[in-house]
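Student: I would like to go through this model one question at a time. Please give the reasoning before the value or name.

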Amino acid sequence: MEHAARPLPANAGARQKLLASALSLIRQKGYSSTSVDELCAEAGVTKGAFFHHFKSKDALAVAAANHWSEITAAFFETAPYHRQSDPLDRVLGYLDFRKALLKGEIAEFTCLVGTMVQELYDISSDIRGACEASISGHAATLEPDIDAAMKRYRIRAPWTAASLALHTQAVLQGAFVLAKAKGDAAVAAASIDHLRRYIELLFQTTTRRRTETS
């Protein structure tokens with residue numbers, strides 16, 4: 001996900017620099033292991049500047065989660081899978097796009113909010129809420145395409161577009177955890193491949209019928 005973070009402009013202010021340093025350091029070290037001093041040093045600002053913009057480290061974390069949501073939303077909004085005419089191809093293309101992002105160091109492609117919520121879900125309700133809003137908000141962007149694919153392929157099932165959209169995020173977040181545990185992006189790529197096959201199977205019967213009658 002490093003691709004989503006654009007270089008800071010030369011005239012970036014202290015707040016922007018601190019948010020950028022939070023995105024980088026928290027994904028590298030985790031929230032608890034990242035100190036205010038380290039955030040300031042990475043951003044090249046004083047501790048006074050930190051507390052001018054954020055009343056606490058937790059306040060920065062909430063702002064960082066919101067910032068993460070904004071930059072990733074803009075990044076995915078222009079992704080090439082949106083150009084597919086078939087909604088199922090758009091859903092599968094989304095997964096292909098996520099797999100293609102598994103490049104560089106593990107911290108560069110893992111999720112800020114997924115990292116923070118694993119640490120803090122029972123400690124800070126504000127941070128948990130910001131992380132949940134980010135993950136669920138991203139999942140919601142997949143719902144229209146899943147819903148359209150269900151209608152196009154006449155899928156009637158006990159599951160919903162919303163539940164499948166959230167399941168994609170559960171797999172992705174779990175894939176990031178496995179990549180961290182094994183120190184290797186390959187296991188995350190394999191998890192995405194499994195998810196892609198699973199979704200193909202959900203639509204397999206009607207896909208085959210459409211192919212045979214076309």
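Student: Which residues of helix α9 are buried?

Tutor: This is a predicted model, and helix α9 spans residues 143-152. A residue counts as buried when its relative accessible area is under 20%. In α9 that applies to D145, I146, A149 and M150.

Student: How wide an arc do these buried residues cover around the axis of α9?

Tutor: The directions run from the helix axis to the C-beta atoms. The buried residues lie on the same side of α9 because the arc they cover is only 140°.

Student: Which residues of α9 are exposed on the other side?

Tutor: To be exposed, a residue needs a relative accessible area over 50%. On the side of α9 away from the buried residues, the exposed ones are P144 and K151.

Student: Which helices do the buried residues of α9 pack against?

Tutor: Packing here rests on contacts, that is, heavy atoms within 4.5 Å. One partner helix covers residues 161-182 and is α10. The buried residues of α9 pack against α10 and α5.

Student: What is the phi of R154, and where is R154 found?

Tutor: Most residues other than glycine have a negative phi. R154 is not a glycine, yet its phi is positive. R154 comes just after α9, in the loop between α9 and α10. Its phi is near 55°.

Student: Is R154 buried or exposed?

Tutor: The cut-off for exposed is over 50%. R154 has a relative accessible area of 67%, so R154 is exposed.

Student: Which residues does Q173 contact, leaving aside neighbours within four places in sequence?

Tutor: Q173 is found in helix α10. Its relative accessibility is 16%, so Q173 counts as buried. With those sequence neighbours left aside, the contacts of Q173 are C111, G114 and I135.

Student: How many aromatic pairs does a search of the whole structure find?

Tutor: Two rings pair if their centres lie within 6.5 Å. Searching the whole structure on that basis gives a count of 11.

Student: Why is the pair of F75 and F76 called edge-to-face?

Tutor: A pair of aromatic rings is described by the distance of the centres and the angle of the planes. For F75 and F76 the centres are 5.5 Å apart. Planes over 60 degrees apart count as edge-to-face. The planes of F75 and F76 are at 80°, so the pair is edge-to-face.

Student: Are F75 and F76 buried or exposed?

Tutor: F75 has a relative accessible area of 18%. For F76 the relative accessibility is 5%. The cut-off is under 20%, so F75 and F76 are buried.

Student: What is the geometry of the pair F75 and F97, and which helices hold the two residues?

Tutor: The centres of F75 and F97 are 5.6 Å apart and the planes are at 35°, which makes the pair tilted. Both residues are buried. They are 22 residues apart, and the pair links distant parts of the chain. F75 is in α4 (residues 57-77), and F97 is in α5 (residues 87-100).

Student: Which residues form one aromatic cluster with F75?

Tutor: F76 and F97 each pair with F75. The cluster also takes in two tyrosines, Y81 and Y94. Its full list is F75, F76, Y81, Y94 and F97.

Student: Which residue lies over the face of Y31?

Tutor: The criterion places NZ of Lys or CZ of Arg within 6 Å of the ring centre. At 4.2 Å from the ring centre of Y31, the residue over the face is K57.

Student: Which helix gives the largest share of the largest nonpolar core?

Tutor: In soluble globular proteins, nonpolar side chains tend to be buried together. The largest nonpolar core has 70 residues, and F50, L102, M116, I146, I199 and F203 touch the most other members. The largest share, 9 residues, comes from α4.

Student: What does I199 touch, not counting residues up to four places away in sequence?

Tutor: I199 is one of the core residues that touch the most other members. With the sequence neighbours not counted, I199 touches L88, V91, L92, L95, L164 and T168.

Student: How many helices and strands does the chain have?

Tutor: From the N terminus on, the elements run α-α-α-α-α-α-α-α-α-α-α-α. The chain comes to 12 helices and 0 strands.

How values were computed: Residues are numbered from 1 along each chain as its sequence is written. Side-chain values use heavy atoms; hydrogens and water are left out. Rings of Phe, Tyr and Trp (its six-membered ring) pair if their centres lie within 6.5 Å; planes under 30 degrees apart count as stacked, over 60 as edge-to-face and the rest as tilted. Buried means under 20% relative accessible area, exposed over 50%, partly exposed in between (1.4 Å probe, protein chains only). Helices (H or I, at least four residues) and strands (E, at least two) are DSSP runs, numbered from the N terminus. A charge sits over a ring if NZ of Lys or CZ of Arg is within 6 Å of the ring centre and within 35 degrees of the ring normal. A nonpolar core is a set of buried Ala, Val, Leu, Ile, Met, Phe, Trp, Tyr and Cys residues joined through side-chain atoms within 4.5 Å.
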